[in-house]
Amino acid sequence: MTASSASARRSGRPTSAEAARLDGDIKEAALRLFLEQGYEATSVDEIAALAGTTKQSLYARFRGKEQLFTTVLNWSMERPGWPTPEPEEADLPTDLGAALLTIAEAAVRRVCDPRMVALTRLAIAQAARFPEVARKTYRIWPRQKVVANLLRAHAAAGTIVVDDPDRAAEYFLGIVAVTPARMASFGIVHSPEEQRRRAEDAVRLFLRALRPD
């Protein structure tokens, strides 16, 4: 133990590792309660208690419940492995169709996961108060850059034609995931077999539009 860390502990100040762990605990606790109870029904006291800390410690990190809410929802949506694991770019198949199908299936699993469905419903319910969070919930795709990179690489190789890979990646993820997400918000989720068939259809349709003349 260094002299500075020993001094921090004697004075009651947390180490940087302890502070980071507490930040994570607060975010996890807040996310769980917001998803289970909604924004209005969740109190700062409950979040602090679930995180194993005090309200004073929580307010030292967040100005209030509104900032905590926006921070936590943005944090959760930006995690590529939440609520379900995402395929790593290095592990994707070299074949473009197979790679897009892998990404499509992961995207559908993500938007149909009960935690993501709850987050989407929460963002919609609070859209008037937190419009930026609602817009981000609608548009955030953890693998959009991966799709764009794939399209860019295959376009350079001459196997497809695409003018704007970033926009095309957004279109692709919209095709494969927006309808399942919308249906899931109403409690309608297809079987894994049907989800795969629909993902395969979407990939074929998308690739057909990118074929060289």
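Leaving aside its neighbours within four places in sequence, which residues is Ala99 in contact with? Let's start there and work outwards. The answer is Leu92, Pro93 and Leu150. Ala99 itself is found in helix α6, and at 0% relative accessibility Ala99 counts as buried. If you want a sense of distance, take Thr159: that residue is 60 positions from Ala99 along the chain, and their C-alpha atoms are separated by 14 Å.

Okay, the overall picture. What you have on screen is a predicted model. The average pLDDT over the protein chain is 89, and 93% of the residues score at least 70. The part to be careful with is residues 1–11, where the pLDDT is below 50. Beyond near neighbours in sequence, that stretch has six contacts in the model.

So what is the chain made of, in terms of helices and strands? There are 11 helices and zero strands. Reading from the N terminus, you go α-α-α-α-α-α-α-α-α-α-α. The C-alpha atoms fill a box of roughly 70 × 45 × 30 Å along the principal axes. There are 213 residues, and 42% of them count as buried. Now look at contacts with a separation of 6 or more: 71% of those are between residues 24 or more positions apart.

A quick word on the outside. The accessible surface comes to about 11,900 Å², and carbon and sulfur atoms hold 53% of that. As for charges, the chain has 30 positive and 27 negative ones, and the mean positions of the two sets are 5 Å apart.

Now the inside. The largest nonpolar core has 32 residues, and the ones touching the most other members are Val147, Leu151, Phe172 and Leu173. Which elements give two or more residues to this core? They are α6 (96–112), α9 (144–156), α10 (165–185) and α11 (192–209). The largest share comes from α6, with 10 residues. Click on Phe172 if you can: not counting residues up to four places away in sequence, Phe172 touches Leu100, Ala104, Val147, Val203 and Phe206. Apart from that core lies another one, of 28 residues, and among them are Phe34, Phe62, Val72 and Val133.

Last stop, the loop between α5 (65–78) and α6, and two residues in it. One is Pro83, the other is Ala90. Is Pro83 buried or exposed? Pro83 is buried, because its relative accessible area is 8%, and the cut-off for buried is under 20%. And what covers that side of the loop? Setting aside neighbours within four places in sequence, Pro83 is in contact with Arg110, Asp113, Arg115 and Met116.

There's also something to look at in the backbone here. Most peptide bonds are trans. The bond from Trp82 to Pro83, though, is cis, with omega near 0 degrees. And for a distance from this spot, Pro83 and Val44 are 39 residues apart in sequence and 23 Å apart in space, C-alpha to C-alpha.

Ala90 is the other case. Ala90 counts as exposed, because its relative accessibility is 77% and exposed starts over 50%. From Ala90 to Val146 you travel 56 residues in sequence, while the C-alpha atoms are 9.9 Å apart in space.

To wrap up with the loop: Pro83 is buried, whereas Ala90 is exposed. And back where we began, Ala99 in α6 is buried at 0%. That's my tour, thanks.

Conventions
Residues numbered from 1 in each chain as written. Predicted model: local features only at pLDDT ≥ 70, side-chain atom pairs only at ≥ 80, totals over all residues. Heavy atoms only, no water. Helix = DSSP H or I, 4+ residues; strand = E, 2+ residues; numbered from the N terminus. Buried < 20%, exposed > 50% of the residue type's maximum accessible area, 1.4 Å probe, protein only. Contact = heavy atoms within 4.5 Å. Areas by Shrake-Rupley, 256 points an atom, 1.4 Å probe, with all protein chains shown as cover. Lys, Arg positive; Asp, Glu negative; His and termini not counted. Charge placed at Lys NZ, Arg CZ, Asp CG, Glu CD. Core = buried A, V, L, I, M, F, W, Y, C linked by side-chain atoms within 4.5 Å. pLDDT = per-residue confidence, 0-100.
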